[in-house]
Amino acid sequence: PVLDTEDAWVSVEGPVSIVELALEQKRIHYPLVEHQFVLCTILYAIMRLSLKGVKPLSLFDSKGKNAFFKDLTSIQLLPSGDMDPDVLSVRQQFLLKVVSAAVQTLCSSQKDREASEEEYFPFEKGKNWPTLAADLAQYLQISEDLVRRHYVCELYSYGMDNLGEE
């Protein structure tokens, strides 16, 4: 980008402006940032929903694991479209576990004190964990429909038929 400056500012001495510093920075490799975001989302879901026995790095193949420890400006080999079926199975189990835990948490909190999801997760207004799991399924190469079907089955199994119908 071209930055126009007034003549009065050209002769000013001092530290380099933050805009010039930002323009000098290397460009980040966006798919690598997106890959990091997926890991952060997985870790947050594990923490927030108290999932036991989940090994977050087992959800990634060797290329994916190696990419986590590289500079965000470097061009890295990320997992391609062909994934190991074992990794896909672990990913699918994880997403279904997230949905089950979210529905269980929501239902138990409503039965205990008739609380809404916003009251139970006060810092996460508007955060819908099953929808987040379905969105995460796209990144993890798992069928969204499978996650949504599991969500509906969980709602019916906990007696929330009206939400299941929606």
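Of the 166 residues in this protein chain, 31% count as buried. Keep in mind that this is a predicted model. The chain exposes about 11,300 Å², and carbon and sulfur atoms supply 54% of that area.

On the overall layout: there are nine helices and zero strands. Take the contacts between residues at least 6 apart in sequence; 66% of them join residues at least 24 apart.

Now the interior. The largest nonpolar core has 29 residues, and Ile42, Leu51, Phe94 and Leu95 touch the most other members. Which elements give two or more residues to this core? They are H3, helix H5 (85-113), helix H7 (129-139) and helix H8 (144-157). H5 provides the largest share, eight residues. As a general remark, nonpolar side chains in soluble globular proteins tend to be buried together.

Let me stay with one core residue. Leaving aside residues up to four places away in sequence, phenylalanine 94 touches Ile42, Ala45, Ile46, Leu51, Val54, Leu59 and Leu136. Of these partners, Ile42, Ala45 and Ile46 are buried residues of H3.

That brings us to H3 itself. This helix covers residues 30-48, 19 residues in total, and spans 26 Å from its first C-alpha to its last, close to the expected 27 Å. The buried residues in H3 are Leu32, His35, Gln36, Val38, Leu39, Thr41, Ile42, Ala45 and Ile46. Here the general rule is useful: an α-helix has 3.6 residues a turn, so residues three or four places apart point the same way. Among the buried positions, look at Leu32, His35, Leu39, Ile42 and Ile46 with that rule in mind.

After H3 comes serine 50, in the loop between H3 and helix H4 (62-67). Its phi is positive, about 55°, although serine 50 is not a glycine. Most residues other than glycine have a negative phi. Is serine 50 buried, exposed or partly exposed? Serine 50 is partly exposed, because its relative accessible area is 47%, and the partly exposed class runs between 20% and 50%.

There is a second case. Glutamine 141 also has a positive phi, near 60°, and is found in the loop between H7 and H8. With 34% relative accessibility, glutamine 141 counts as partly exposed.

Last, the surface. Ile18, Val19 and Leu23 form a nonpolar patch there, with about 290 Å² of accessible area together. Isoleucine 18 lies in helix H2, residues 18-24. Its relative accessible area is 69%, so isoleucine 18 counts as exposed.

Technical notes. Residues numbered from 1 in each chain as written. Predicted model: local features only at pLDDT ≥ 70, side-chain atom pairs only at ≥ 80, totals over all residues. Heavy atoms only, no water. Helix = DSSP H or I, 4+ residues; strand = E, 2+ residues; numbered from the N terminus. Expected span 1.5 Å × (residues − 1). Buried < 20%, exposed > 50% of the residue type's maximum accessible area, 1.4 Å probe, protein only. Patch = residues over 30% accessible without salt bridge, like charges linked within 9 Å, V, L, I, M, F, W, Y side chains within 5 Å. Areas by Shrake-Rupley, 256 points an atom, 1.4 Å probe, with all protein chains shown as cover. Salt bridge = Lys/Arg side-chain N within 4 Å of Asp/Glu carboxyl O. Contact = heavy atoms within 4.5 Å. Core = buried A, V, L, I, M, F, W, Y, C linked by side-chain atoms within 4.5 Å.
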